[in-house]
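Visitor: I should like to learn how to read the packing of helices and strands in a model. May we work through one together?

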Amino acid sequence: MTSQDSQDIETATTAIQSQPDNKTRRYDRQLRLWAATGQSALESARVLVLSGGATSTSILKNLVLPGIGHFTILDNAAVSHADAGNNFFLEGLESIGKKRASEAVRLLCELNDSVEGYADTRKLSTLLDTSPEWLTSFTIVIAHNLDNVPLQKLSSFLWSDPSYPPLVVVRSAGFLGEFFIQFHEHPIIESHSETAPSLRIDKPFPALREFALSLDFASMDPTDHGHIPYVAILVRVLEDWKKSHDGNPPKTYAERQEFKKSILAMKVKSDEENFDEAETQAYRCWTETKVPPEIAALFEDPAVSPEALSQTPSPFFHLLATLKEFTDQSETHTLPLTSTLPDMKSDTSNYIHLQRLYKARAEEEKQAFKSHMRAHVDDAMVDSFVKNAHALQLLRGKQWGAFHQDKPALAVALASNPKETCTHLALSALFSLNEANPGVPPTAEGLRQRIQGTVGEGVELPEGVDDAIGEIVRAPSAELPNTAAFLGGMVAQEVIKMITKQYVPVKGYCVIDLIETWTGVIGA
């Protein structure tokens, strides 16, 4: 053990005996998903929910439990007998006649004493007329089964300024439901992509190349021979191959097969799994490491132009511009190296040595990246950006309702996703009929006419439209507990993605049918 690795006995024993704090113990499982940065974003978030019905409280339950900072329920309604029968966050008959928002907030707050809840019994229509700017104090707004007129007004106001919070529109009737997230722009650094970053085997950095070339496979102990990481094996074999092939990697199918055979020929024992692993990963030697097409496309985004950067405070685009400059000027024209290594067959000493090589090089390249920066960005964000540079995403959304204005898109959706589109159109038709004839139960003929009017008279409706219409006529205003619970989990999951800016949220209308048990997305 080197002096750098050694610890005094007090430090070592303290590290072993230290216990996680109460917050870490409480949120242990979710911290594994979105780490401390995601938890901090959640605890700083303010969520506004319009309606205190069963679906709304199910959504909030799944936000209160992981520790959302604050939520407000805006609802002027009193608890009805129907509410008492389907909402688990009411006290049955005892809640009837009381303000639904107040009752729901009181019981939701019992789930997590670190969450602040508030009941607002004002009318949304009055608020939109007198003080709509109040809505901008929230991180995100969720609206369930809101009537068309106030929803359109709410949607237009929140869409009027890109800095205003996203809007999640949720609709349900019986066993059918859907939700849509309205947002202008949503950059994601930690997308948690399943695509692993490049190990840069085809373009090894000097320390990795030196390590691979220093290995004396011929005189190595058989035990050590069977524990050399496949990364070092591939770098070494590729270097040897290039010497006899004019500096080129294997190109043709025959050459690649020959290359793989040369790896397996290095075995001294038949059960050396590290060489089997190297043979499986051999494609890394002839697959050129370069900027992924998705990231290269981001480099061409208008928001990365010098003119746009001078007007935007968003650190994401400043970091993106820095990344473009870094890749253009780096010797390998690749993204910054990450220190993360996959699992591989190796002994501890070789794996740790390899990890240190990658970590040291990744730190060097991170410092080089920082030298290109022209705007101040928090160090923690820079570290996260560099680490996840291979999987950055930038989503651009649409205003709620824009899908219905695009007749060609509707026609395409009906042809490619008939069930999902018919269910969405049937739910939209329900609220359109409710606006025209308040308090009048919808009819199948009325719903069909509204749907036909939306898609156009010349468009033939699929057979599946009758199934969606039938369910809505059967239960046009029913909030079923199982539908509420399912929607509550799905919507809360997407809200958490939006708040933490981790993982990739659903884009478009996510449609749900719990009769045939399927979900689908349209209008993205």
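Visitor: Which strands does helix H25 lie across?

Guide: Please keep in mind that this model is predicted. Helix H25, residues 481–500, lies across strand S1 (46–50), strand S4 (140–144), S5, S6, S9 and S10. Its direction runs at about 15° to S6.

Visitor: How many strands has the sheet, and in what order do they stand?

Guide: One reads a sheet by following the order of its strands from one edge to the other. Here the sheet is open and has eight strands, in the order S3-S2-S1-S4-S5-S6-S9-S10, with mixed pairing. Strand S3 (116–120) and strand S10 (518–522) each have a single partner strand, so one side of each is left without a neighbour in the sheet. From one strand to the next, the twist averages 15°.

Visitor: Which helix packs on the sheet and touches S5, S6, S9 and S10?

Guide: That is helix H22, residues 418–436. Its contacts include strand S9 (509–513), and its direction makes about 80° with that of S10.

Visitor: In which sense do S5 and S6 pair, parallel or antiparallel?

Guide: Strand S5 (residues 167–173) and strand S6 (residues 176–182) are paired in the antiparallel sense, over seven bridges. As one case, Ser 172 has Gly 177 in S6 as its bridge partner.

Visitor: Let us turn to pairs of helices. At what angle do H11 and H12 pack?

Guide: For a helix pair, one reads the angle, the separation of the axes, the handedness and then the residues in contact. Helix H11 (residues 230–243) and helix H12 (residues 253–264) pack at about 125°, and their axes are 11 Å apart. An angle between 115 and 145 degrees counts as oblique, and therefore H11 is oblique to H12. The crossing of H11 past H12 is right-handed.

Visitor: Which residues make that contact?

Guide: H11 contributes Ile 233, Leu 234, Val 237, Leu 238 and Trp 241, while H12 contributes Glu 255, Glu 258, Phe 259, Ser 262 and Ile 263. By class, the contact of H11 with H12 comprises seven nonpolar, one polar and two charged residues.

Visitor: How are H23 and H24 arranged where their axes cross?

Guide: Helix H23 (residues 444–455) and helix H24 (residues 465–474) have axes that come within 10 Å and cross at roughly 130°. The two helices are therefore oblique to each other, and their crossing is right-handed. On the H23 side, Ala 444, Leu 447, Arg 448 and Ile 451 meet Val 465, Asp 466, Ile 469, Ile 472 and Val 473 of H24. The contact of H23 with H24 divides into seven nonpolar, no polar and two charged residues.

Visitor: Which residues of H17 and H19 meet?

Guide: Let us take the geometry before the residues. The axes of helix H17 (residues 315–329) and helix H19 (residues 379–387) come within 11 Å and cross at roughly 50°, which makes H17 oblique to H19. The crossing is right-handed. Pro 315, Phe 316, Leu 319, Leu 320 and Leu 323 of H17 meet Met 381, Val 382 and Phe 385 of H19. The contact of H17 with H19 has eight nonpolar residues, with no polar and no charged ones.

Visitor: Where does UniProt place the domain feature?

Guide: An annotation should be read as the statement of a record. The unreviewed UniProt entry places "domain: THIF-type NAD/FAD binding fold" at residues 27–502. In the model, residues 27–502 are 52% helix and 9% strand, and the end C-alpha atoms are 17 Å apart.

Note on methods:
Residues are numbered from 1 along each chain as its sequence is written. This is a predicted model: local features need pLDDT of at least 70, side-chain atom pairs count only at pLDDT 80 or more; totals for chains, interfaces and linings use all residues. Side-chain values use heavy atoms; hydrogens and water are left out. Axes are lines fitted to C-alpha atoms, for helices over the stretch in contact, and angles run from 0 to 180 degrees between N-to-C directions. Helices (H or I, at least four residues) and strands (E, at least two) are DSSP runs, numbered from the N terminus. Angles under 35 degrees count as roughly parallel, over 145 as roughly antiparallel, 65 to 115 as roughly perpendicular and the rest as oblique. A crossing is left-handed if the near helix is turned anticlockwise from the far one by less than a right angle, and right-handed if clockwise. Contact means heavy atoms within 4.5 Å. Ala, Val, Leu, Ile, Met, Phe, Trp, Tyr, Cys and Pro count as nonpolar, Asp, Glu, Lys and Arg as charged, and the others, Gly among them, as polar. UniProt positions are given in the numbering used here, feature names are shortened, and annotations may be inferred rather than shown by experiment. Two strands pair if DSSP finds at least two bridges between them.
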